[in-house]
Amino acid sequence: MNQQDAVNWILSFQKKIESSKEYLTDLDQAVGDGDHGINMNRGLQHAAGVLHEKTFETPGDVLKAVSTAFISKVGGASGPLYGSAMLKASGSCGGKETLEDEDVKAMLRAAADAVQARGRAERGEKTMYDVWEAVVRAAEEKEDIDWQHVRMKTAEAADATKEMQAKKGRAAYLGARSIGHLDPGSVSTRMLIESLAEVLESGDS
Amino acid sequence: MTKILLVSHSEKLAEGLKELLQQMQPDVDIEAAAGDSGGIGTDPDTISTKLQAWKEEEIVVLFDLGSAWMNTDLAAEMSGMEEQVTIADAAFVEGALAAVMEAGFGSSAARVKAAAEAAGSQKKRPEA
């Protein structure tokens, strides 16, 4: 993964969020304050603008810029969560120009740890951490990352939030009434990982 | 004296609470960091600015909802002020009132936080 792959990753994520912002907002209206799609779209529009304007040397630089966009433009809980994930992911990349699979695994682990630390989340609480945790496990299963497997596990983890009762965030106030609704942050995190898989799969072979 | 920062999704809520608290205890410094770009929400940059104005001080933060806490945590990190910033997990109104009274006695941030966190379980209506 080089800096161009990192840019393509985020631009692909931006397109996915833009085309599903109403869907994400609908999901968030059921369990939260109904702004997830709008907030994420605003942050990613801004990030895409920065990525088009500036040139970057390394994947770490790209993710640092994306982190800043999330922290200053997204708001809600997603801003600090995605922002912290990207910041720690960037730190994990260091100054490397190209990331090998080992580095990508470390980057994903750093992002997952950041989400867990920022949200004080544990597995099974119906948060985006459920997806991050599954992503890391799936990526680490094989020496060379099997992206098809990662996608499958990511999708499963996002879908599994539907039957969970929320223990964190605004949705926790709903108690048992949160059951039956997908967690919006988990659905958007799935899109982030789908985008990464698309970019890195095509570069693999 | 320990400073009190009110972090809220709503500017009106934070300003109203600040007004109420200041009337109870005018000697404690209370600030509000509330709203996001003029609307509902919290913003780490707004919170950092308020924290940095008290760079050398002990600060106890009261917040309204979970993501306000997350953004405060992030703002404290961004400002390199993790050591000075204590976040109380308390009822916003009752906790802030207890915090301000405790701060007024010259108590440490740890004691102010403890007072705020204990306030939520207190009955407000006298027993009949």
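Two residues are in contact if their C-beta atoms, placed from the backbone, lie within 7 Å. This cut-off applies throughout the tour of chain B that follows, and the model shown is a predicted one.

**The sheet.** Please begin by selecting the strands of chain B. Four of them make up an open sheet, with parallel pairing, and the order across it is β2-β1-β3-β4. Select residues 30–34 for β2 and residues 85–88 for β4: these are the edge strands of chain B, each of which pairs on one side only. Turning the view along the sheet, one may follow a twist that averages 25° from one strand to the next.

**The pair β1 and β2.** Next, select residues 3–8 of chain B, which form strand β1; this strand and β2(B) are joined in the parallel sense over five bridges. Within this region, display S8(B) and look across to β2(B), where A34(B) stands opposite.

**The helix across the sheet.** Now add residues 44–52 of chain B, helix α2. This helix lies across β1, β2, β3 (59–63) and β4 of chain B, and its direction is at about 165° to that of β2(B).

**The side that touches chain A.** Finally, show both chains. Twelve residues of chain B are in contact with eleven residues of chain A. On the chain B side, α2 and α3 (66–78) each supply at least two of these residues. Which helix should be selected for the largest share? It is α3(B), with six residues. Coloured by character, the residues of chain B that touch chain A divide into four nonpolar, four polar and four charged.

Technical notes: Residues are numbered from 1 along each chain as its sequence is written. Chains are lettered from A and ligands numbered from 1 in the order in which they are written. This is a predicted model: local features need pLDDT of at least 70, side-chain atom pairs count only at pLDDT 80 or more; totals for chains, interfaces and linings use all residues. Two strands pair if DSSP finds at least two bridges between them. Helices (H or I, at least four residues) and strands (E, at least two) are DSSP runs, numbered from the N terminus. Axes are lines fitted to C-alpha atoms, for helices over the stretch in contact, and angles run from 0 to 180 degrees between N-to-C directions. Ala, Val, Leu, Ile, Met, Phe, Trp, Tyr, Cys and Pro count as nonpolar, Asp, Glu, Lys and Arg as charged, and the others, Gly among them, as polar.
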